[in-house]
Structure formats: structure tokens, C-alpha cells
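Biologist: I'm new to this one, so could you walk me through it? I'd like to ask plain questions and get short answers.

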Amino acid sequence: MIPYGQLLTIGLFFAGNTKLSAIAVLPRILGTLFYYPPTSEQASGVITSLNELPTLLDWEDPDLIAQATAQMCSIDPQQLTYQFSLLFEGQGRMPAPPWGSVYLDQENLLLGETSLDYRRFLAGHQLALDTQLNEPDDQFGLMLLAMAYFMEAQNDDAVETLLATHLLPWAGRYLELVVDVDETGFYRALAEVAGAFLREVAAAYGVTAAPRQLYF
């Protein structure tokens with residue numbers, strides 16, 4: 001098994017100005033910011049390069065990406081600590097839980113059946129979560145990092161299954177909630193970029209979300 005923690009090392013290296021290479025880089029950038037605290041070493045390294053986002057793809061809506069990028073670049077990461085904790089670590093009732101099974105499980109359970117299905121999917125591709133935190137695998141940022149791994153391995157079948165079965169069915173609802181509740185503007189803009197990216201990558205791989213009932 002490949003320890004999942006190895007996927008969390010971010011290197012912003014670009015293999016040319018092609019749509020495919022950019023699509024492979026973007027889930028690492030976005031996954032890092034949806035998983036790591038904004039003042040962490042991992043997130044800090046990505047935040048300093050955010051001004052490059054508009055150039056990484058031939059975006060369907062470049063104005064949205066340019067505006068969202070400008071918004072994120074205008075905010076001091078030191079101001080994001082509380083909002084990150086609220087959105088990703090929990091301060092009372094979480095307004096936008098970042099775990100898939102909360103949306104897909106009728107009881108809004110962490111580690112619900114869909115989360116366990118996703119863990120089995122990863123295990124089938126020799127991946128295992130190894131962050132020392134005993135946390136669910138289906139956290140939004142972690143799923144983007146797993147997608148980056150599959151893209152870099154050119155494992156198209158795994159990317160398509162991850163998108164259609166495990167991520168797209170709930171990602172839109174999750175990102176809507178982040179946009180609605182974020183008070184800093186940073187994570188609202190990040191969610192807008194993530195939504196645009198998922199539309200781009202779904203189109204590139206020709207996949208649509210499997211129909212699922214949402215409960216959150």
C-alpha cells in the first residue's frame with residue numbers, strides 16, 4: 001500500500017503549458033488549501049503562487065477565475081485561522097462539513113457507508129490514508145489530492161470513478177455551502193475556483209455525477 005500521507009507534499013512544477021498538465025497540477029493546489037491550515041508550511045507555499053491560477057487553464061469563465069484569484073491574493077493568511085477552524089475543524093455545528101458521507105448518508109454520519117466505499121476504492125488502487133489523525137478519507141481536499149495522484153499516474157479509470165461515484169455527487173452542494181457561509185472571502189473564492197475546476201475536469205474526462213440523494 002502507498003501511504004496516503006505521501007500525496008500531501010506539494011510541488012508546483014509545471015510540465016508545459018498544456019491543458020492536461022495544468023489539470024494535473026490544479027487538484028494539488030486546491031486540495032492543499034481545502035485540507036491544510038492557511039498558515040501551515042504546505043498551504044503557505046501554495047498561497048504565494050495563487051496569482052498563477054488564471055494562467056493554468058483555458059478557463060471557461062476566465063473573469064470568474066481572475067476575480068476569485070484577486071480576492072484570495074488580497075487576504076493575509078494570518079486572518080484565516082478562525083475561519084479555517086470553523087469550516088474544517090469544527091466550532092460547534094459545522095456549517096459546511098467537508099466530508100462526503102455527511103451529505104450522502106441519511107444520518108449525516110462521518111465514516112458512513114459511502115466513506116467506507118471510498119476507502120475500499122482507494123485500497124483497490126493500493127492507497128491508504130496515513131495522516132496520523134484517524135480521519136475519514138472522503139474529506140474534500142484529500143479527495144482532490146488523491147485525484148492528482150491518479151492523474152499523474154495517468155490512471156484515467158480511477159480518475160473517472162473518483163469523480164463520478166465518490167466526489168461529484170456531493171461536491172456541488174458542499175461548495176455552495178462554503179460560498180454561503182465564508183465570512184473572509186478567501187474560502188468563498190476558493191470554492192468558486194474549485195467548482196470551475198471540477199466542471200473543467202469532468203468535461204475533460206467525459207464524466208457526470210452518479211445520481212445520489214443528498215441529506216445535508
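What follows is a chat in questions and answers about this model.

Modeller: Before we start, this is a predicted model, so to speak of local features we need pLDDT of at least 70, side-chain atom pairs count only at pLDDT 80 or more, and totals for chains, interfaces and linings use all residues. Residues are numbered from 1 along each chain as its sequence is written, and side-chain values use heavy atoms, with hydrogens and water left out.

Biologist: How many helices and strands are there in the protein chain?

Modeller: Helices (H or I, at least four residues) and strands (E, at least two) are DSSP runs, numbered from the N terminus. Along the sequence the pattern reads β-α-α-α-α-α-α-α-β-α-α-α. That makes 10 helices and 2 strands.

Biologist: What percentage of the residues of the protein chain count as buried?

Modeller: Buried means under 20% relative accessible area, exposed over 50%, and partly exposed in between (1.4 Å probe, protein chains only). The chain has 216 residues, and the buried share is 51%.

Biologist: What percentage of the accessible surface belongs to carbon and sulfur atoms?

Modeller: Accessible areas come from the Shrake-Rupley method with a 1.4 Å probe, and for residues only the protein chains shown count as cover. The surface of the chain comes to about 9,900 Å², and the share of carbon and sulfur atoms is 49%.

Biologist: Among contacts between residues at least 6 apart in sequence, what percentage join residues at least 24 apart?

Modeller: A contact here means heavy atoms within 4.5 Å. For the protein chain, that share comes to 70%.

Biologist: Which residues touch the most other members of the largest nonpolar core?

Modeller: A nonpolar core is a set of buried Ala, Val, Leu, Ile, Met, Phe, Trp, Tyr and Cys residues joined through side-chain atoms within 4.5 Å. In soluble globular proteins, nonpolar side chains tend to be buried together. Here the largest core has 72 residues, and those touching the most other members are Phe-140, Met-147, Leu-167, Tyr-174, Phe-186, Phe-197 and Leu-198.

Biologist: Which residues is Leu-167 in contact with, leaving aside neighbours within four places in sequence?

Modeller: Leu-167 is one of those well-connected core members, touching the most others. Its contacts beyond that sequence window are Phe-140, Met-143, Leu-144, Met-147, Leu-162 and Leu-198.

Biologist: At roughly what angle do the axes of helix 8 and helix 10 cross?

Modeller: Axes are lines fitted to C-alpha atoms, for helices over the stretch in contact, and angles run from 0 to 180 degrees between N-to-C directions. Helix 8 covers residues 140–152 and helix 10 residues 186–205; their axes come within 14 Å and cross at roughly 35°.

Biologist: How many nonpolar residues does the contact of helix 8 with helix 10 have?

Modeller: Helix 8 brings Phe-140, Leu-144, Met-147 and Met-151, while helix 10 brings Ala-194, Phe-197, Leu-198, Val-201 and Tyr-205. Ala, Val, Leu, Ile, Met, Phe, Trp, Tyr, Cys and Pro count as nonpolar, Asp, Glu, Lys and Arg as charged, and the others, Gly among them, as polar. There are no polar and no charged residues in this contact, and the nonpolar ones number 9.

Biologist: Is Leu-50 buried or exposed?

Modeller: Leu-50 sits in the loop between helix 2 (41–47) and helix 3 (53–56). It touches Ile-29, Leu-33, Thr-69, Met-72, Cys-73 and Phe-186, not counting residues up to four places away in sequence. Its relative accessible area is 1%, so Leu-50 is buried.

Biologist: And Gln-67, is that buried or exposed?

Modeller: Gln-67 belongs to helix 4 (residues 62–73). Its relative accessibility is 57%, so Gln-67 counts as exposed.

Biologist: What is the phi of Leu-111, about?

Modeller: Leu-111 lies in the loop between helix 6 (100–104) and helix 7 (113–124). It is partly exposed, with a relative accessible area of 39%. Although Leu-111 is not a glycine, its phi is positive, at about 55°.

Biologist: Where is Gln-154 found?

Modeller: Gln-154 also has a positive phi, about 55°, without being a glycine. It is exposed, with a relative accessible area of 66%. Its place is the loop between helix 8 and helix 9 (156–181).

Biologist: How far apart are the C-alpha atoms of Ser-101 and His-166?

Modeller: Ser-101 is in helix 6, and it is buried, with a relative accessible area of 0%. Along the chain, Ser-101 and His-166 are 65 residues apart, yet their C-alpha atoms are separated by 9.5 Å.
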